[in-house]
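Student: Please take one part of this model and go through it closely. I would like to hear about the salt bridges and the residues that form them.

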Amino acid sequence: LPFEDESLSFVYSYNAIFHMTKQDIKVSMAEIERVMKPEGLCFVNFLSVDSQSFGQGDKIGEGEFREQHDGLDFMHSYFEDDEPNAYFAGFEVLHKEKRIRELLIEGERNVRAYIDYIARKK
């Protein structure tokens, strides 16, 4: 990230970070930790393997799939419930919640499951 060390007090990455490979997410989470001030807050969420779309598309890694929607390629990484915990070693997790949402997309029921974190940098 193009920011100085410990320069941000708040980072918000919602419905975004899981569009990368898990290796890239690991790097991105380390960057988030680097740029955050001590006591800074971050809000980050991850796709759960309990999402209806888990396993769809071309598998490119463990829990990683390249999916196509409306002629466009999308990367999705899916996580087991405690799998993202490893990204938060330098944080105090203030809130962790698994959310399951039912959406109606073009008349079809779609279930999306997310693992949400609110964390404070130590």
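Tutor: Start with D50, which at 41% relative accessibility counts as partly exposed. This is a predicted model. The side chain of D50 meets that of K98 in a salt bridge, with 2.1 Å from N to O. The two come from distant parts of the chain: D50 sits in the loop between β2 and β3 (58-61), K98 in strand β6 (residues 91-105), and 48 residues separate them. K98 is also partly exposed, at 32% relative accessibility.

Strand β6 also holds E92, whose partner R120 lies in strand β7, 28 residues apart. Their side chains form a salt bridge at 3.3 Å, N to O. R120 has a relative accessible area of 26% and is partly exposed; E92, at 39%, is partly exposed as well.

Strand β7 (residues 108-121) contains K121 too, paired with E6 in the segment before β1, 115 residues apart. In this salt bridge the closest N and O atoms are 3.6 Å apart. Here the partners fall into separate classes. K121 has a relative accessible area of 9%, so it counts as buried, the cut-off being under 20%. E6, with 42%, is partly exposed.

These pairs are among the 12 salt bridges that a search of the whole structure finds. Elsewhere, D5, E31 and R34 are joined into one network by salt bridges that share partners.

Notes. Residues numbered from 1 in each chain as written. Predicted model: local features only at pLDDT ≥ 70, side-chain atom pairs only at ≥ 80, totals over all residues. Heavy atoms only, no water. Salt bridge = Lys/Arg side-chain N within 4 Å of Asp/Glu carboxyl O. Helix = DSSP H or I, 4+ residues; strand = E, 2+ residues; numbered from the N terminus. Buried < 20%, exposed > 50% of the residue type's maximum accessible area, 1.4 Å probe, protein only.
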